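Trainee: I would like to take a close look at one part of this model, and then hear how other parts of the chain are packed.

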Amino acid sequence: MFRVKVCGVTTLDDAAMVADAGADAIGLNFYAKSPRCVTPEFAAQVRDRLGDRVQRIGLFVNEPPERIGQLADECGFTAIQLHGDEPLSMVAELRPWPVVLARRLAGPNTAVFAEELAALPADALPAALLVDAAVPGHYGGSGQQADWQALTDHDQWRRGVPLILAGGLRPYNVAQAVAAVRPHGVDTASGVESSPGVKDPRLTGQFVAAARRALGIGAL
Ligand SMILES: O=C(O)c1ccccc1NCC(=O)[C@H](O)[C@H](O)COP(=O)(O)O
């Protein structure tokens, strides 16, 4: 599973720049209301340009599994990210595609989700749990922070599913976030942008370097 993901890439040059910076995954957003939304044709161009240099995560919000599977076949995603209100049962429906399940956990809903996760058979668990900020009206990309404190005991309930921390991560706070939560990996969208969907090379380089250092991956 990826360690440093930059989500919402919208140009081939930005995709190559993110890979050159040392991120090991990029997110390709198919949520029509997002300013970072891309087309299947673009996602296929990213695959053709970058190949296996980075993991390519197709991101969806409340789409039917049939459409997701069709696009995954067409675009060659390495994993699928579900970032809406999808039920946990959808993970098994999308097999064999690895699923990164995004949840906006804060306060009591963390315990509720942990109970849902505990009830799943082992072969129906997601490949990773991406924890994002819980901002009403936003699915993601809000720049708001997740509740780091609520996640400090994630080892107790996530059944070995790697935790990816997202939400308001920036070059200046990613080390503090990793120290607080000890996630498997981190993810950012707006944290490395000059405007929505436009990745800034300097911020991207700073974020990836800080994240790799904090995660103990080492410099490029
Ligand atoms: O980024 C978006 O526009 C977006 C829209 C709808 C659903 C998900 C979206 N992003 C998913 C991500 O994985 C983001 O990286 C994550 O929400 C963190 O975003 P940010 O706080 O801007 O770093």
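Which hand, left or right, does the crossing of H6 and H7 have?

Mentor: The crossing of H6 and H7 is right-handed, and since this is a predicted model, that statement, like the rest of what follows, describes computed coordinates. Helix H6 covers residues 174-181 and helix H7 residues 201-214, and the two pack with their axes 8 Å apart at an angle of about 25°. An angle under 35 degrees counts as roughly parallel, and H6 and H7 are therefore roughly parallel to each other. On the side of H6 the contact is made by Val-174, Ala-175 and Val-178, while H7 contributes Phe-207, Ala-210, Ala-211 and Ala-214. Sorted by character, the residues of this contact are seven nonpolar, no polar and no charged.

A second helix pair can be set beside this one. Helix H1, residues 12-21, packs on H2 with the axes 10 Å apart and an angle of about 45°, which makes H1 oblique to H2. H1 passes H2 in a right-handed crossing. The contact draws on Leu-12, Asp-13, Ala-15, Ala-16 and Ala-19 from H1, and on Phe-42, Gln-45, Val-46, Arg-49 and Leu-50 from H2. Here the residues of the contact divide into seven nonpolar, one polar and two charged.

H2 itself deserves some further attention. Its buried residues are Pro-40, Phe-42, Ala-43, Ala-44, Val-46 and Leu-50, and these buried residues pack against H1, S2, S3 and H3. The residue that follows H2 is Gly-51, which has a positive phi, near 55°.

The loop between strand S2 (25-29) and helix H2 (40-50) holds Phe-30, whereas Phe-60 belongs to strand S3, residues 55-60. A search of the whole structure finds five aromatic pairs, and Phe-30 with Phe-60 is one of them: the ring centres are 5.2 Å apart and the planes stand at 15°, so the pair is stacked. Because Phe-30 and Phe-60 sit in these two elements, their pair ties together parts of the chain that are 30 residues apart in sequence. Both rings belong to buried residues, Phe-30 with a relative accessible area of 5% and Phe-60 with one of 0%. Phe-30 also forms an aromatic pair with Phe-77, and this pair is edge-to-face, with 5.6 Å from centre to centre and 65° between the planes. Phe-77 lies in the loop between helix H3 (65-75) and strand S4 (79-82), so that this pair, too, links distant parts of the chain, 47 residues apart. Phe-77 is buried as well, its relative accessible area being 3%. Taken together, Phe-30, Phe-60 and Phe-77 form one aromatic cluster.

Finally, a charged residue can be followed in the same way. Glu-193 is found in strand S9, residues 193-195, and a relative accessibility of 11% means that Glu-193 counts as buried. If its neighbours within four places in sequence are left aside, Glu-193 is in contact with Gly-8, Arg-36, Val-198, Lys-199, Asp-200 and Leu-203. As for Leu-203, this residue is ten residues from Glu-193 in sequence, and the C-alpha atoms of the two are 7.2 Å apart in space.

Technical notes: Residues are numbered from 1 along each chain as its sequence is written. This is a predicted model: local features need pLDDT of at least 70, side-chain atom pairs count only at pLDDT 80 or more; totals for chains, interfaces and linings use all residues. Side-chain values use heavy atoms; hydrogens and water are left out. Axes are lines fitted to C-alpha atoms, for helices over the stretch in contact, and angles run from 0 to 180 degrees between N-to-C directions. Helices (H or I, at least four residues) and strands (E, at least two) are DSSP runs, numbered from the N terminus. Angles under 35 degrees count as roughly parallel, over 145 as roughly antiparallel, 65 to 115 as roughly perpendicular and the rest as oblique. A crossing is left-handed if the near helix is turned anticlockwise from the far one by less than a right angle, and right-handed if clockwise. Contact means heavy atoms within 4.5 Å. Ala, Val, Leu, Ile, Met, Phe, Trp, Tyr, Cys and Pro count as nonpolar, Asp, Glu, Lys and Arg as charged, and the others, Gly among them, as polar. Rings of Phe, Tyr and Trp (its six-membered ring) pair if their centres lie within 6.5 Å; planes under 30 degrees apart count as stacked, over 60 as edge-to-face and the rest as tilted. Buried means under 20% relative accessible area, exposed over 50%, partly exposed in between (1.4 Å probe, protein chains only).
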